[in-house]
Amino acid sequence: MDNKNLKHLMEQAWPVPAMPTGSRERFASKLSKSPHNSARHNWWLWGTGASVGIVAAILALVFLVQTPSTTSIEDNKILVALSMNPEIAEQYYYYKDQMWKETENILKLSEDMRPDLRAQLVTEIKMLTESPDSITLDIMNEGIDNAQKVIYITSVYRQHLRSLQYIHHILSENYQTFLDTPQGSQMMFKEL
Amino acid sequence: MELGYYDIILGCRMERQMEQMAFYDLFAPSLYASAFRLLADSWEAEEVVQEVLLRVLTNKELLIDYPEDMQRVLRRMVINLCIDHLRERRIQWEEWDERLSIASEDNAEVDIIKQEDLVQLHTAIASMSEKDRTVLMLSIVEELSTEEISQILRIKTSSVRSQFCRAKQKLVKLYRNK
């Protein structure tokens, strides 16, 4: 008898039973728990997290667009411009930091101010803190050398910082009574 | 919709579980048969098959575009793992004296085995040692060449031939004695 016939006989004489029950399910379970597929699962988690983050970012962007503010666009422009000019960026962040501190002080001191006057003050502060940015962008686009740009931009911010410092000074010296009258407030804002 | 082999391989490369399970369905039954014939244990055979399939599915480099080649590679991996399992049972395939096999080869007459004697043949196979049964299964049922068996069992080809002839003789002897 040749091996081929013997193979046939042996296969029949030594039959293979069906695979144990639940074999497929056990394999699926092992597959999902394998480190490789677990890593993939983690990637899914990361992906889901990233998707949630993106959705949150889009919602935040929609909110910002709907909010009547032009500063975010100006801010973005200036941040891009500053990223390309570290020398101006250094001056910008220094003065911005100083101006922010002054603004914080002013808002704290004016908490008890008459609401209409405070609103006027806030508008003024907003203008003082934001206008240098658009001026800075204009200066940066001028065809002048970098050293000149730094001087001009520093000068603009210093001037605006001084105005904020002046408001702070008036408020801290208890000029509340003076500000409480429309004439007094007009005088102060004229001086800025 | 039934997936073709190439769709399955593509899906496996993309780590999609549906195709990975289709890969399992495609190869597991025949691999299980090979594993069972060597190990004679359903649970152990299942374990071997699943381990091999997991190894391939989690290593994209092992996925082959041609089904016949994939089948061959998987079967070889299953057989190797089965032999590892058998070694754990302390089964040794020792080097045999080649001269012993030459004379015995011609005497391995099994023509007497008839279809109706399958039960007796089963008993004969079952009463063989695992060592002999493995060599017979690898050679006759799995149709591996002497060189392939030599590589798997890590013994000389001449020893494979000797062991095969002796195993075949033993099978005949056991059968006749029933």
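**Figure 1. The two sides of helix 6 of chain B in the predicted model.** B:V119 and B:A126 are exposed on one side of helix 6 of chain B, the side other than that of the buried residues. The helix spans residues 118-127, and within these bounds B:L121, B:A124 and B:I125 are buried. These three buried residues lie on the same side of helix 6 of chain B because they cover an arc of only 95 degrees around the axis. Both of the exposed residues named here, B:V119 and B:A126, thus belong to the other side.

**Figure 2. The largest nonpolar core.** This core has 53 residues. Those with the most contacts inside it are B:L31, B:A35, B:V49, B:L53, B:V78 and B:C82. Helix 2 of chain B, residues 17-39, gives the most to the core, with 12 residues. Domain 1 (5-88) and domain 2 (98-177) of chain B both give residues to this core, so the core lies between them. In soluble globular proteins, nonpolar side chains tend to be buried together.

**Figure 3. The surroundings of B:V49.** Which residues are in contact with B:V49, leaving aside its neighbours within four places in sequence? They are B:A28, B:L31, B:Y32, B:A35 and B:V78. Among these contacts, B:L31, B:A35 and B:V78 are, like B:V49 itself, listed with the residues that have the most contacts inside the largest nonpolar core.

**Figure 4. A second, separate core.** This core has 15 residues. Included in it are A:I88, A:Y95, A:M99 and A:I106.

**Figure 5. The contact between chain A and chain B.** Chain A brings 25 residues to the contact, and chain B brings 26 residues. On the side of chain A that touches chain B, helix 1 (3-13), helix 2 (23-33) and helix 3 (35-66) of chain A each supply at least two residues. The largest share of that side, eight residues, comes from helix 1 of chain A. By residue class, the side of chain A that touches chain B divides into 13 nonpolar, six polar and six charged residues.

**Figure 6. Confidence along chain A.** The mean pLDDT of chain A is 72, and 67% of its residues reach 70 or more. Among the elements of chain A, helix 2 has the highest mean pLDDT (88), and helix 3 has the lowest (51). Over residues 41-46 of chain A the pLDDT is below 50, and this stretch has zero contacts in the model beyond near neighbours in sequence. Over residues 61-71 of chain A the pLDDT is also below 50, and here the model has two contacts beyond near neighbours in sequence. Where pLDDT is low, the predicted coordinates should not be read in detail.

**Figure 7. The folds of chain A and chain B.** Chain A has nine helices and zero strands, following the pattern α-α-α-α-α-α-α-α-α along the sequence. Chain B likewise comes to nine helices and zero strands, and its elements run α-α-α-α-α-α-α-α-α from the N terminus on. Buried residues make up 18% of the 192 residues in chain A, whereas 36% of the 178 residues of chain B count as buried. Of the contacts with a separation of 6 or more, residues 24 or more positions apart account for 75% in chain A and for 70% in chain B.

Conventions
Residues numbered from 1 in each chain as written. Chains lettered and ligands numbered in written order. Predicted model: local features only at pLDDT ≥ 70, side-chain atom pairs only at ≥ 80, totals over all residues. Contact = placed C-beta atoms within 7 Å. Helix = DSSP H or I, 4+ residues; strand = E, 2+ residues; numbered from the N terminus. Nonpolar A, V, L, I, M, F, W, Y, C, P; charged D, E, K, R; others polar. Buried ≥ 20, exposed ≤ 12 C-beta atoms within 10 Å, placed from the backbone. Arc of directions from axis to C-beta. Core = buried A, V, L, I, M, F, W, Y, C linked by C-beta atoms within 7 Å. Domains from an automatic or database assignment. pLDDT = per-residue confidence, 0-100.
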